[in-house]
Amino acid sequence: MNRISTQYTVNSFLSALNTNKENLSKIQIQISSGKQFTTPSDNPIDNALAMYGETENTNITQHLSNISTTQTWVDNTESSVSSIESVLQRARELAVQGANDTLVQDDRDAMAQEINQLLQNMVDLGNSDVGGQYLFSGQKVTAKPFDGKLTNDTKGLMDIVTYSTGTTRANINQYNISEVNYSGNSGKISSEIEQGNILQKNTTGDELFFSGDYKAPEPTFQNALAPLNETMPLAILNNGNGVQPGLIKITDQNGVERIIDLTSAKRIDDVINQINQSGSFEAGIEETPSTTAQALGLNQNAGANSLIQGEPDPAMLSVNTQLTQLNNQQGVPQGFLSINTRDGKNYRVDLTGTATIQDVMDKINAVGGGGGSTVLASFNSLYHRLELTDKTGGSGSFSIKSNNNQLYIKDLPTKTASDLGLSKFTTAAVADNVINSVFDSAMQSEGTPLSSLNGGKGVRPGYINITNKAGVTTTVNLQTAITIQDVMNQINASAAGVTAAFDNTSKTMTITDTTGGGNALRISELNGNTPVSVHEFRTVAKNLGLLKSAQGNQLFGDTIGGGGLTAASNLSSLTPPPDQNSFVLRGADGKPVQIDISNATTIQDVLNSISVTKQFRGVWDQAGQRFIITDTSTDPGTGGITGEELTNPARDLGLIGKNVLHDDSNTLVGTSIQPKQLPTLMGSVTLVPGIDGSTDLSSLNSGRQLNKGVQLGHIRVTDKAGSSAVIDLRGCKTIQDVLDKLNDPNSGLYIEAKFNDKQNGLELVDKNHGANGWFEVTDLDSSTASDLGIAVKTIDNKLVGGDLDPAVTDSTPLSLLNKNSGGVPLGKVFVQSGDFTGEIDLSGAKTIKDLIDKFSKSDPRFNISAWIDPTTKRLNLSNTKDQGFIKVRNEGDASNDSASSLGLGGPQSIFQTLIDLRDNLLRGDTGAVSQRSITEISGDLERVLQKHSDIGAKTNRLSDSKEKLTNNSLNINKLLDNAENIDMSEAIVKMTQYQTAFQAALEVGSKILQISLVDFLK
């Protein structure tokens, strides 16, 4: 049996006591901190769990804060949207009431005023904010999103024209909102409401207030002067004085007259069509640049002087000076010079294609007889100017100018012989002496009317030339022929050495030579050289010899009658006698004075009718057998004196008068016609055309003030392999012509010319793979390469040309417009013009002309003349009834934005809906209210309700996330409590136990560890 030492007992006791003390100390610390551990090492597992829980709690706190902020934003948005719905509901109620036809206008006006207030309220709601941040600005939260502009500040529709009645309510919209601009964006503002759960808290202004693509600004409205175009009504010409209805006569180069009936003409195209239907003439509109003469320093009137000295230009150094160097290098536009010579004749000089001063001089010197015999152009090297000398020896005025906005009439080649089927010839053989007319099934006998030939088109009256086999040519006048027999009679009566007969077997005319000569028998057209002229149908002034103009205050009439006439002679003795009607004299003041000779029987009676006006005095010049008219005004000036017929459609159309031009060809160019300025909806979208192969070179570089188009000459192309070729681009008319010449394999170049990616310019690609030289295009004798945008030198194998900036012309394909910005979609549009409301279907239009015709010709009640501003390239609509109200809106659903894309209608929006409703009420347009406004309000309300539903869904998501995060927080806190905190009751019991055990241990230890002297000694 081993004996336990006292030391061992003591050590064991002390160890147990220390353990007990540590447990008591630990439990006391836990009770004081409430935590199960004080350092991670105390409990690594629970510590890691506690750290995770604390991180999650931090995230939850941040997400709950995000939810709170987002909820405030969404709640305010929902409140604003609810108010927007209320405004739309009220607007719909007013619209339904306003569509009632039994209301008086005062009632609708009151409704319009309330709509105006609702509109302002809508703008205010659009500018709702939270703490200085705007709800509907997108990401631009500090920018006020909506700005309501007053009509007075925006060039909007000031006036309202009442529907059907056409009453103009002037300036009624002057201080009303006409447009609302959005300065926010489409940016989304998002907030993380849970881990990885993103919520878009904002609703942007464009998605809430706009139903279509928000892109097109509002068009403006103002009085504008449209260029002359075919759809323009005659009533607005001559500054609104219009064109009198009536008949006009056009005389061709052979002196054959055609009567054109313009009594029912309403528009310029009616005039053009009537002239063209004659079959003898081609009519159209010619817009001559008005700065050509000015750019050359030649826009002058020398009066009775035969010399015009041009304005000097320092750049005009020699006859070889390029026109592009003139006018501070702005150049000279490729237009026309209108030259009035002193002999009373007019010449149009076409400067198209000219490149140098010498070219201009050559063109001028070629007029009249040529060689400078009519007008001699010379270059004054001392004063750096052009000088022109009138060589005609006349006594009138010598002047040069450039016209614009005018009609032209071109004499077509005569067709009398071909219409008769006789434009033929034989061989020179003696036996070949008969010409048969071409078979026409309508030609059954000698009595066949000429009007039945050629499929009912008839025979154009005129002259034919018959050359017999003896070589003698006779001109046969067939102007008055009505039947086949008339034709044969005229030939037999006037044509030497031939006979005309009808062959009943072949049902043709036969022309037989009776001379037996050795030449060919020939029948051909007669094409004379008398200038084309236009006359009034009435012959009062003409038969009195007074259908003319003169400078100064005296007009010397033409010689009339057969000689021996005196003042006492009867008018019936004149050949031909004048109509018993009236004619017009105009003096220096330009005002028409009617001379009534309906009761005149003698020449003296005519003189008395002239003198009774007190402005004019008439005398009979017996020696000259003519009238002499004097303007007796105290200050007649230099405006001259003019005699005209009473009915004057030709004069009103600019086709007669002292400034009418007859160029060296067969064309009459009228004087400028000034339309009236009209209320016009000015488009807000630039129609940018691309190019294709058919693009005319003359339409390029349209943005230049001068030198539009392409100056054609030679260019040099050098490829990267060092091969070089001179390419002659003269004679090219279209882009395709240029591409064909550049791509000609015979040039020796290995390149490809094509359109660039944007289809607004050219691109040249070098095909010499591996070659490292320069790729270059340079001009040699003109600005061709520069004008084509390809005057470039590059080390790359691709030479990309610049934007060729083509003009928008009638032939421009709509498919080429705005190709790089979405194009121009075409559908139905709703149009209000003046006192009419309706729909125009733009679908099917292929070209600009088609589009213009759709607007201008769909329904005459619109009174619209559509036109393209050549400077801005924008589509404009003028009201030809002079009514200051035009609106164009997209028709159908939001996918159709035809009006907006054309710049004729602003963006589709709630604001536009309210503005249109207000205006429809003010103009009493109940149909527009019921069929448009109510429908648009319903569509806007449906969209807003959908957005409200989306906002409600956001509120639900926020509530769900908040609840979920709150629950997660509780669970995490419970987990943290278990992992980190102590059970206080249990800990106190344990501490009490440890304290009791520790106290007891001390007491026991004091007893069992008592040491005796004997123990000590041991």
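**Two buried charged residues, three sheets and some unusual backbone angles**

A polar contact of 2.9 Å links the side chain of arginine 918 to that of asparagine 116. The model is a predicted one, and this contact makes a good place to start reading it. Arginine 918 belongs to helix α19 and has a relative accessible area of 2%, so it counts as buried. Once neighbours within four places in sequence are set aside, the residues in contact with arginine 918 are Ala112, Ile115, Asn116, Leu119, Asn173, Asn176 and Ile177. Asparagine 116 thus appears both in this contact list and as the partner in the polar contact.

Helix α19, which spans residues 910-922, also holds aspartate 916. Is aspartate 916 buried or exposed? Its relative accessibility is 5%, and because buried means under 20%, aspartate 916 falls in the buried class. With residues up to four places away in sequence left out, aspartate 916 touches Lys887, Arg889, Ser933 and Glu936.

The next region of interest is a sheet built around β30. Four strands make up this open sheet, ordered β28-β34-β30-β31 and paired in the antiparallel sense. The edge positions are taken by β28 (549-550) and β31, each of which has a single partner strand, so each has one side without a neighbour in the sheet. Within the sheet, β30 (residues 582-586) pairs with β31 through five antiparallel bridges, and valine 584 faces glutamine 594 of β31. Four further bridges connect β30 to β34 (residues 641-645), again antiparallel; here leucine 585 has glycine 643 of β34 as its bridge partner.

Which side chains of the edge strand β31 are buried? Along residues 592-596 the side chains alternate between two faces. Val593 and Ile595 point to one face and are buried, whereas Pro592, Gln594 and Asp596 point to the other face and are not buried. Glutamine 594, the residue opposite valine 584, is therefore on the face whose side chains are not buried, where buried means under 20% relative accessible area. The hairpin of β30 and β31 has five residues between its strands, and in it glycine 590 adopts a positive phi near 75 degrees.

The loop that leads into β30 carries a feature of its own. Proline 576 sits between β29 (554-556) and β30, and the peptide bond from threonine 575 to proline 576 is cis, with omega near -5 degrees.

Another hairpin is formed by β10 and β11. Strand β10 (residues 247-251) is mostly covered, with four of its five residues buried. Five antiparallel bridges pair β10 with β11 (residues 257-261), and isoleucine 248 has isoleucine 260 in β11 as its bridge partner. Five residues lie between the strands of this hairpin, among them glycine 255, whose phi is positive and near 85 degrees. Strand β10 also pairs with β27 (residues 533-536), in the antiparallel sense and over four bridges. In that pairing, lysine 249 is matched with histidine 535 of β27.

A further open sheet of four strands runs in the order β39-β38-β42-β43, with antiparallel pairing. Its edges are β39 (724-728) and β43 (793-794); each has a single partner strand, so one side of each is left without a neighbour in the sheet. Strands β38 (residues 714-718) and β42 (residues 775-779) are joined over four antiparallel bridges. In this pair, threonine 718 has glutamate 776 of β42 as its bridge partner.

Finally, the backbone is worth a look at two residues that are not glycine. Lysine 155 has a positive phi, near 55 degrees, and lies in the loop between α4 (151-154) and β4 (160-161). Its relative accessibility is 53%, and because exposed means over 50%, lysine 155 is classed as exposed. Where does serine 164 lie? Serine 164 is found in the loop between β4 and β5 (168-169), and its phi is likewise positive, near 70 degrees.

Definitions and conventions:
Residues numbered from 1 in each chain as written. Predicted model: local features only at pLDDT ≥ 70, side-chain atom pairs only at ≥ 80, totals over all residues. Heavy atoms only, no water. Buried < 20%, exposed > 50% of the residue type's maximum accessible area, 1.4 Å probe, protein only. Pairing = 2+ DSSP bridges. Contact = heavy atoms within 4.5 Å. Polar contact = N/O pair within 3.5 Å; in protein donor to acceptor, adjacent residues only side chain to side chain.
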